[in-house]
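Subject: Structure for your review

Dear colleague,

Please find below the structure that I am handing over to you. My notes on what was found in it follow directly after.

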Amino acid sequence: MKTLHLYIVLVCVLFTQSLAAQATFEASVNKDQVPLNDVIQIEFTMNSDGDNFRSPNFEGFNVVGGPNSSVSYAWMNGKKSFKKSFSYLLQPKRKGKITIGKASIVMDGETYTTNPITITVTDAVERQDPRQQMHQMQQGSLDKVHLVAEVSKTKPFINEPVSIVYKLYFNTTVGGYRGNQIPTYDKFWTYNIEMPQRPELKQGKYKGEMYNYVVLKQDIIMAQEVGKQVIKPLSLTVQVEVPTGRRDFFGFPEYGLVEKEFSTQAITIDAQELPQKDRPANFSGGVGDFSFKVKPSTTELKAGEPLYLTVSVSGKGNLNLVTLPTPVAHSALEVYDPQYSEKLNPTAAGLQGNRTNKYTIIPQYKGEYNIDPMEFSYFDLASKQYKTITTDTLKIHVLDGPMLPTNKEVAGADHTDDQELFQKNKKTLTFIESKQPTYWNTSLFYFLLLAPLVIMPLFVIGTRLKEAKANDVEGNRLKRNNRLAKKYLGEAKKNMNNKALFYEALERCLHNFLKAKLNMETSEMSNDNITEILQEKSITPAAIDSFMNLKNACEWARYTPTDQVDIVKDYETAIDVIDQLEKQFKS
């Protein structure tokens, strides 16, 4: 009986597998009701390869596309699946109900047929102007692209970190993009988060709809002045795939790329002043959430041995702008300048990590000495209140060494040896007769006599060489460019094989050039401010445009994930731009 049960189960399994593996051949249409002046698509699909496919005669229809065939394989849960299809585009010839007959194919020696399909053909619909219709279709593709700036907070406190993320959302095919205008942050301290060269494709919601998106740029900014500041938009030219209105050989629509400029919205940041009430006198400027620690390497040692005092602030907020307290110790403890270190990571809440000063302290005398308590104050964003962290007094025990001298011992020191530093005044004078050298018939006499005869020919030769050099315009230009390149662009030239380091050095070169010529500080180098000062210096508009375009190219290459740069061209442009400005500054 048990053997019989196993036999029945085995038969059922084999029968089920045979059903699952049975070949199928089906017909389907994209719509069963169509206007007289429209088309339908019919597809004949099989799950096993076959031969001798025969389509219906499509009576009542014109075949406007096809047959198009496709084959695909798929694996799911370790099982392979197969799909093969033939498709046609059909346009009805008349109104009413039209039946599409059977199609047939031979699979594994057996003939399979599809079921007939009935299509209802209605009156023709009024069609738009093809150009207008195509414009609407193309606009539909362009409407699926959005360039957005997402701001974490628009009303921060002074020095409170604000995150700005620039995203490109799209639900169509994007061929590429290039930058037109990159935002600048005047009157803000800025931290640019480094982005990967090839941005990661992600998915997220935009206005309630799922989109693909990439992060183009992310910055952390901190307002340095109270009031409203407007941040200009980010502008890109994006290549978007749109239908062309044409069909390929198989009847499928063709697509092409069009360019359109997209811009983010302008951002207004309204910075608020920190409260004056209850502000500690030793407020460090910190805004965020911090902890403060002071830790000695030891509290017991001998005179002359070093101890290391670590003063650190950690947490998240404007860590880069925090001032670390300085330890105050007994005069018997010699405190040396600290060794500074930091570890900062950008987050949506600002910079997170720690900053540390490590002091070396060497005691000079035996005894017990104090390092005074230290205080660190900051503004806590969660409670909107100032907080102060105070450490305990540190007692340092110096176990061995000379004793600290008392005031009495210092006052009673022996000064008898001081008299050896002075000598008695002499009562008589001693005169030394001066020697009067002769001039005639000396080496100096003959040198001065013959020198003009040698100098005059050299002067003539030098004058002619100088004139020839002045007439060599191209050579002078090359030499001047080489000097400028060495003076301002040396670091950039060393890193021409590294895009990030090259543009960082090139931008620093432009900043240093302006600092040297205009006595500007880095904080004053907004685009508008630079343009205004150069205009006041009577620099030509062409030279100003060249300089600003180069500066924008550096910023775009540094702060956006793009490979569309020309390092050699930008290096040569930098030499020409600086050369032009040098000449105009001198004139």
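I begin with the cap of a helix: at the N-terminal end of H7, Asn-498 serves as the cap, placing a side-chain oxygen 3.2 Å from the backbone nitrogen of Ala-500. Please bear in mind throughout that this is a predicted model.

Helix H7 itself covers residues 499-518, and its 20 residues should span 28 Å at 1.5 Å a residue; the end C-alpha atoms are 28 Å apart, so expectation and model agree. Its buried residues include the charged Lys-499 and Glu-507 as well as Phe-502, Leu-506, Leu-510 and Phe-513.

A second helix deserves attention for its surface. Helix H4 runs over residues 443-471 and contains Val-454. With a relative accessibility of 52%, Val-454 counts as exposed, because the cut-off for that class is over 50%. Val-454 belongs to a nonpolar surface patch, in which it is joined by Tyr-446, Leu-449, Leu-450, Leu-453, Ile-455, Leu-458, Ile-461 and Leu-465; together these residues have about 950 Å² of accessible area. In the UniProt record, an unreviewed entry, residues 444-461 are annotated as "transmembrane region". In the model that stretch is 100% helix and 0% strand, with 26 Å between its end C-alpha atoms.

The salt bridges come next, and the count is 10. Three of them are described here.

Glu-259 and Arg-178 meet through their side chains, at 3.0 Å from N to O. This pair connects distant parts of the chain, since Glu-259 sits in strand E19 (residues 253-263) and Arg-178 in strand E13 (residues 174-181), 81 residues apart. Glu-259 is partly exposed, at 45% relative accessibility, and Arg-178 is likewise partly exposed, at 38%.

In the salt bridge of Lys-217 with Asp-219, the closest N and O atoms are 3.1 Å apart. Are these two residues buried or exposed? Lys-217 is buried, with a relative accessible area of 1%, and Asp-219 is buried as well, at 0%.

Lys-583 and Asp-579 form another salt bridge, with 3.8 Å between the closest N and O atoms. Both residues belong to helix H10 (residues 567-586) and are four residues apart, about one turn of the helix. An α-helix has 3.6 residues a turn, so residues three or four places apart point the same way. The accessibility of the two partners may be set side by side: Lys-583 is partly exposed at 44%, whereas Asp-579 counts as buried at 6%.

Two further sites complete these notes. Ser-235 lies in strand E18 (residues 235-247) and is buried, at 5% relative accessibility. The side chain of Ser-235 makes a polar contact of 2.8 Å with the side chain of Glu-261. Gly-401, for its part, is found in the loop between strand E30 (394-398) and helix H3 (407-411). Gly-401 is partly exposed, with a relative accessible area of 30%. Although Gly-401 and Tyr-365 are 36 residues apart along the chain, their C-alpha atoms are separated by 5.5 Å.

Yours sincerely

How values were computed
Residues numbered from 1 in each chain as written. Predicted model: local features only at pLDDT ≥ 70, side-chain atom pairs only at ≥ 80, totals over all residues. Heavy atoms only, no water. Patch = residues over 30% accessible without salt bridge, like charges linked within 9 Å, V, L, I, M, F, W, Y side chains within 5 Å. Areas by Shrake-Rupley, 256 points an atom, 1.4 Å probe, with all protein chains shown as cover. Salt bridge = Lys/Arg side-chain N within 4 Å of Asp/Glu carboxyl O. Helix = DSSP H or I, 4+ residues; strand = E, 2+ residues; numbered from the N terminus. Buried < 20%, exposed > 50% of the residue type's maximum accessible area, 1.4 Å probe, protein only. UniProt positions renumbered as here; feature names shortened; annotations may be inferred. Expected span 1.5 Å × (residues − 1). Polar contact = N/O pair within 3.5 Å; in protein donor to acceptor, adjacent residues only side chain to side chain.
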